[in-house]
Amino acid sequence: MADHVQSLAQLEILCKQLYETTDTTTRLQAEKALVEFTNSPDCLSKCQLLLERGSSSYSQLLAATCLSKLVSRTSNPLPLEQRIDIRNYVLNYLATRPKLAAFVTQALIQLYARITKLGWFDCQKEDYVFRNVIVDVTRFLQDSVEHCIIGVTILSQLTNEINQADSSHPLTKHRKIASSFRDSSLFDIFTLSCNLLKQASGKNLNLNDESQHGLLMQLLKLAHNCLNFDFIGTSTDESSDDLCTVQIPTSWRSAFLDSSTLQLFFDLYHSIPPSLSPLVLSCLVQIASVRRSLFNNAERAKFLSHLVDGVKRILENPQSLSDPNNYHEFCRLLARLKSNYQLGELVKVENYPEVIRLIANFTVTSLQHWEFAPNSVHYLLSLWQRLAASVPYVKATEPHMLETYTPEVTKAYITSRLESVHIILRDGLEDPLDDAGLVQQQLDQLSTIGRCEYEKTCALLVQLFDQSAQSYQELLQSTNSSTMDIAVQEGRLTWLVYIIGAVIGGRVSFASTDEQDAMDGELVCRVLQLMNLTDSRLAQAGNEKLELAMLSFFEQFRKIYIGDQVQKSSKLYRRLSEVLGLNDETMVLSVFIGKIITNLKYWGQCEPITSKTLHSVRKLVKLSAVQFMLNNHTSEHFSFLGVNNQANLSDMRCRTTFYTALGRLLMVDLGEDEDQFEQFMLPLTAAFEAVAQMFSTNTFNEQEAKRTLVGLVRDLRGIAFAFNAKTSFMMLFDWIYPSYMPILQRAIELWYHVPACTTPVLKLMAELVHNRSQRLQFDVSSPNGILLFRETSKMITTYGNRILTLGEVPKDQVYALKLKGISICFSMLKAVLSGNYVNFGVFRLYGDDALDNALQTFIKLLLSIPHSDLLDYPKLSQSYYSLLEVLTQDHMNFIASLEPHVVMYILSSISEGLTALDTMVCTGCCSSLDHIVTYLFKQLSRSTKKRAAPMAQESDRFLHIMQQHPEMIQQMLSTVLNIIIFEDCRNQWSMSRPLLGLILLNEKYFADLRNSIVNSQPPEKQQAMHLCFENLMEGIERNLLTKNRDRFTQNLSVFRREVNDSMKNSTYGVNSNDMMS
């Protein structure tokens, strides 16, 4: 007993150290000791002692969280009686101690919810013991306010817990529990919450009283959790918020046909303080989103009428909307009016004219106060976007009045953005234009709104643009204008250019008229005139945001007015011809390309502008400006191609994009013209010669050499990526090999420890050996395929052997310094092994060690990587597992010849990869495992034949290793079978391929496994499960011929379906850890 008291005291001290101390070392030691405690065998009994006798809240919290872990564990779960005891103990504990610290109460309620969810299908004497939720809670609701709060919180937390899937249990089990809870308990809980809310609103609650305030808050949370339940398992998330429909079950109809439910929440909104009303509005948002099919037409019209009346009442008394949370939720509610109901239904509502006027005024006011709750504007714009888009389809005779109010909304948005510029610059506020995603979203919405009554939109834009452009010109011509005034006008013009691009992008061909196209022409003329003005000043100064707006405008214009579908007689081009002399799209494209060249020349160091500028269009090739780019791609014309000593090595990424664009443009007319290719490559040839010259001397400027080389290999990778036809790629190959390969090899030798240098070189090599679109096809008399592999092998070996000399690398730098390069080497080796342009049998035949060197380096690199890292870094795992798939398919003799510890490492990595979240990794593992199992099966079959040829030494050794370690293959059989039966298996076909071989190699183990699974089922299900396994192997022969495999795959599909049907009404069978043990 004294020991117990002493150990309790120690635990309490550790809890205090964990939660209160500011000393990191002490906290870490306490955390370590408490982790050991949670894993100790007597943890359960000590948790109960802590709850009974613990003197601090922290020790109670520890006990509650430990118990939650114990009841959640999938391996060695607690017996049913013990879980029932814990559940009852927690309820009694909460009932007798209503004034615990809030976080302790929360942790204990979480524990109750977890036990209830995980035991939802557990039976004792034909009674589902964990389902009496409302009975459990009723005694709390009949006691003090504190007890009521606990009771309501239990229901709220339970609803939330059951609604959330967790990764440690299969999704199918989660959905089964959630569906059963929805059908048996959820409506009763929702009805209870509404009744309690009605009682609360009927009494004059004193909401200054903390406990009464708390009770109302928990009741609202409970109602919201019920309405927010994932009724049909679609797992919606907040990102799809404005598209959400609440799939209320038909059995709930009565609650929504009764207008008092809706009225209750609107009444609550007006009677409770702003601190609670956002929760009420959240409930109303969900109620407004109830699926349309719950009602017939008359019922829906009545429901909508009550909803609109409630909205009207809020708009007439908007005092509470000054609270940002209320405002945000109300904007969401307004958006749901149109996402769930049609404009034809809205206009028939009795008070529609008054309501649409109030909503328009509210929207205009909101847009004018742009600094207040900017994230809520999205919902208001989404409402108006949907209203405007519906106008052509309204068949109702009642007026929709949108022609009156939509222009007001458009005007408010445009003028408020322009007015914000001066205030943002003056006060140094955050500029909305910096958030490109938000601006783009709003502009997409405005593109539809602005097209409604387009004449008014254009007139406004022309007027505002002319004012700002004139002021801007005057300021530039004046000698004493302030930079602030210039910045304000540039900011206003930036918004206008974005908005003009958006409204042009909103043009829909079937609804557009010649007059509207002429108006577009007016707007385009102004933007192009502004571009001429700003470009003429770029040598002195430029505005990055304005340039980005121009690029956005060009993209919208190209999408609408350039292409075969545009009529050449468009009124837009007539206007452009009159004002600017641009008669057709080719002339406009010339302007665009001129702009691209200007940007690359003056904005080379500005990554956002450069990357946005580098979009190539095939129609541009014939333009003289493009020919200029193809003939003058040097740093003299484009500064970002220069060797700038101030720039970071990794800042040259846009060069690859630039040369991919140029390469594609060049390929259009290149054909077999080697002279044109040589001409194009002159700047790169000069750069290579310069690097070669530096390397030939003992002393050279290392920084300059690095920059020149990194820029060069990035340029070359862009060209190699673009050249995906045999003719052009062979020109590039002959240009680079053999002349310049030694330079790349030398760079790897010199700078292997500098990832900024090696990564681009390795990526270039990986691109050169990638047989994309069958571009690497050498003539039958050419040795180039073998020579290319030699170079690849040399680079992998050079890099691999040197990178392994780095020694211990800190964990936070290991990917950048080591694993990234290794990952590219794996990708390179995979590309060359699967490229189909090298006969790998030649190497051993002629005593060439290039293949052996590459494969041995791969093994050395692999063994230097911990298993956990293989799966922790997605790019590394994808390159490793795809390489392993190729090796097991075509080089199984090499795998078989490896040392036992290497074979076990590879098999372990496959075993872990089978359960990876990345489907690509998992599928690769299945394929590799299939190749290995097939190889093993063939060798075993051969060894049992009477006239067998002598087995190769490596095959014999591999068989011996597998016979020494049967548990590895057995574990993989267990894993694959387990995933197919119990998990949400996304690649069933891939899983089925190795499974047959695994079963044939381990028939006795498979029989034991089958019996264990059958026996784990409830007695009444065992016969059905046994039959499923019988049918799985029906008609399957003891061979791995394709016909037999296909038969097995078909059987497996039927098996999985039958097993799932069999288990649907039973307790969840074996969990994965049981099967693994």
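**Note on helix packing, salt bridges, cysteines and backbone geometry**

1. The crossing of α22 and α23 is left-handed, and in this predicted model the two helices, α22 and α23, pack at an angle of about 145 degrees with their axes 11 Å apart. On the α22 side the contact is made by Leu493, Val497, Ile500, Val503 and Ile504, and on the α23 side by Asp520, Leu523, Val524, Val527 and Leu530. By class, the residues of this contact of α22 with α23 divide into nine nonpolar, no polar and one charged.

2. Asp517, which belongs to helix α23 (residues 514–536), forms a salt bridge with Arg507, and the closest N and O atoms of this pair are 2.9 Å apart. Its partner Arg507 sits in the loop between α22 (483–505) and α23, 10 residues away from Asp517, and the pair is counted as linking distant parts of the chain. Asp517 has a relative accessible area of 6%, and it is therefore classed as buried, the limit for that class being under 20%.

3. A salt bridge also joins Arg87 and Asp136, for which the closest N and O atoms are 3.6 Å apart. This pair likewise links distant parts of the chain, since Arg87 lies in helix α5 (residues 80–96) and Asp136 in helix α7 (residues 133–141), with their positions 49 residues apart in the numbering. As to exposure, both Arg87 and Asp136 are buried.

4. How far apart along helix α47 are Asp1008 and Lys1004? These two residues form a salt bridge with closest N and O atoms 3.4 Å apart, and because they are four residues apart in helix α47 (residues 1003–1016), about one helical turn separates them. Asp1008 is partly exposed, at a relative accessible area of 40%, while Lys1004, at 65% relative accessibility, counts as exposed.

5. The model's salt bridges come to a count of 32. Besides the pairs described above, a network of salt bridges links Asp466, Glu522, Arg526, Arg575 and Glu578. As general background, side chains of opposite charge can pair when their charged atoms come close.

6. The count of disulfides is zero, and two cysteines deserve a comment in this respect. Cys925 is in no disulfide, the nearest cysteine sulfur being that of Cys922 at 6.7 Å, and Cys925 is buried, with a relative accessible area of 0%. For Cys926 the closest cysteine sulfur is also in Cys922, at 4.6 Å, and this is too far for a bond because the cut-off for a disulfide is within 2.5 Å. Cys926 is buried as well, with a relative accessible area of 1%.

7. On the backbone, a cis peptide bond joins Tyr737 and Pro738, with omega at about 5 degrees. Pro738 is found in the loop between α32 (726–736) and α33 (741–751).

8. Which residues other than glycine have a positive phi? Gln774 is one of them, with phi at about 55 degrees; it lies in the loop between α34 (755–768) and α35 (784–803), and it is partly exposed at a relative accessible area of 44%. Asn836 is another, with phi near 70 degrees, and its place is in the loop between α36 (814–833) and α37 (841–845). At 73% relative accessibility, Asn836 counts as exposed.

Technical notes:
Residues are numbered from 1 along each chain as its sequence is written. This is a predicted model: local features need pLDDT of at least 70, side-chain atom pairs count only at pLDDT 80 or more; totals for chains, interfaces and linings use all residues. Side-chain values use heavy atoms; hydrogens and water are left out. A salt bridge is a side-chain nitrogen of Lys or Arg within 4 Å of a carboxyl oxygen of Asp or Glu. Buried means under 20% relative accessible area, exposed over 50%, partly exposed in between (1.4 Å probe, protein chains only). Axes are lines fitted to C-alpha atoms, for helices over the stretch in contact, and angles run from 0 to 180 degrees between N-to-C directions. A crossing is left-handed if the near helix is turned anticlockwise from the far one by less than a right angle, and right-handed if clockwise. Contact means heavy atoms within 4.5 Å. Ala, Val, Leu, Ile, Met, Phe, Trp, Tyr, Cys and Pro count as nonpolar, Asp, Glu, Lys and Arg as charged, and the others, Gly among them, as polar.
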